[in-house]
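Subject: Structure for you to look at

Dear colleague,

I am passing on the structure we spoke about, and I would be glad if you could open it beside this message. Please take your time with it before reading further.

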Amino acid sequence: MITSFFKTSKPLHYLIFMAVVSGLFVFRCFQTYAFDQTPVNYLREFGTFCAFFMSLFVFVFFITKNDLTQKNSFAALYLCLFIFLLPQVLSNYFIVLSNLFVLLSFRRIFSLKTNTNIKRKLFDSGFWIALACFFQPWAVLYFVPLVFAIFLLSSDYIKHLFTVIFGVISVVLLVGFYYIISNNDIKFWLNFFPQISLDFSIYNNLFIVLAIALMVALSVWCISSIFNDMVIKVSKSRFIFLMLFFAIIIGIMMPLLSSNKSIADFLFLVFPLAIVMANYTERATFQWMPNVFGLLIFLLALTKLAFNIQHLFEI
């Protein structure tokens, strides 16, 4: 079955994933192609592609480095399946870049459990999250799991909180100097306050609603299924689970709260959900269930792709 093939991590798997994601990206570009595109648009598309592949490498690196899963390719498999299900998550350069910075911050947050270079890791985490906020203001929510990690793992709370604040101030100063020099605008920071919108018309599409509903349902199912094993029985995985839980909740909240709603916002949900589903697959009592979930995602994505191709030819 699907999960049996990816049970052990092999370079071939990642070559397949890269080829699949590249193909989806090319198809999405072809689908949204416009004759009046400028060279700047092409550069932005290429930048989006590069930023996502950097995100993929960071994702695989911190999973392997921090033992977030066993030595398999399940996380990358589910990531590709979700991208196949919602290729629109790659449609916004700013969201992809913001997500990259969030992943870089979580790379440091997950490594806090080693209790080495704590101040440096906290500074880096605050720096990357602050930088992500300038591309997606609601990324500010990721300070919640960072602060929670400080109180969970360290005893010198005040000093460590100030370390995070210094990381944030560094970004504010750098971005502030850029805006003042380039735009002569001292009120630039007003553009980066998160704002709420309750206009959900962008989700007025049956396939998008089904895809989002499936991802949320899988989040609830997998979290409830692995909670006992990762939190109650094994204390060393408790920190990982809590950070992933925060990341999934934030990944669901951001698309709902954002004032400038975009399907691309669900990219923030895709990465942590892929890790949680990988852990669920490793621990599943009935191994046929992960195969059913993977097949369900694939079939829905395939149906959506076939519908898009038909619509493309009709145009």
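Below is what was found in it, beginning with the core and going on to three pairs of helices.

Please keep in mind throughout that this is a predicted model. Its largest nonpolar core has 105 residues, and those with the most contacts inside that core are Phe59, Phe62, Phe82, Ile83, Leu85 and Tyr142. If you select Ile83 and leave aside its neighbours within four places in sequence, you will find it in contact with Leu24, Phe52, Val89, Leu90, Leu267 and Val270.

Ile83 also takes part in the contact between two helices, since it is among the α4 residues, together with Phe74, Ala75, Tyr78, Leu79 and Phe82, that meet residues of α11, including Leu267, Val270 and Phe271. The residues of this contact divide into 14 nonpolar, one polar and one charged. Helix α4 (residues 74-85) and helix α11 (residues 267-283) have their axes 8 Å apart and pack at an angle of about 135°, and they are therefore oblique to each other, with a right-handed crossing.

Helix α7 is worth following next, as it appears in both of the remaining pairs. The axes of helix α6 (residues 118-133) and helix α7 (residues 143-153) come within 10 Å and cross at roughly 170°, so the two are roughly antiparallel to each other, and their crossing is left-handed. On the α6 side the residues are Leu122, Ser125, Gly126, Ile129, Ala130 and Cys133, and these meet Phe143, Leu146 and Ile150 in α7. By class, this contact has seven nonpolar, two polar and no charged residues.

With helix α10 (residues 238-257), α7 packs at an angle of about 160°, the axes being 10 Å apart, which makes this pair roughly antiparallel as well, although here α7 passes α10 in a right-handed crossing. The contact is made by Val144, Pro145, Phe148, Ala149, Leu152 and Leu153 of α7 and by Phe239, Leu242, Met243, Phe246 and Ile250 of α10, and by class it has 11 nonpolar, no polar and no charged residues.

Finally, is Thr48, which lies in helix α3 (residues 39-65), buried or exposed? Its relative accessible area is 3%, and because buried means under 20%, Thr48 counts as buried. Not counting residues up to four places away in sequence, Thr48 touches Phe25, Leu90, Tyr93 and Val96.

With best wishes

Notes
Residues numbered from 1 in each chain as written. Predicted model: local features only at pLDDT ≥ 70, side-chain atom pairs only at ≥ 80, totals over all residues. Heavy atoms only, no water. Core = buried A, V, L, I, M, F, W, Y, C linked by side-chain atoms within 4.5 Å. Buried < 20%, exposed > 50% of the residue type's maximum accessible area, 1.4 Å probe, protein only. Contact = heavy atoms within 4.5 Å. Axes fitted to C-alpha atoms, helices over the stretch in contact; angles between N-to-C directions. Helix = DSSP H or I, 4+ residues; strand = E, 2+ residues; numbered from the N terminus. Parallel < 35°, antiparallel > 145°, perpendicular 65-115°, else oblique. Left-handed = near helix turned anticlockwise from the far one by under 90°. Nonpolar A, V, L, I, M, F, W, Y, C, P; charged D, E, K, R; others polar.
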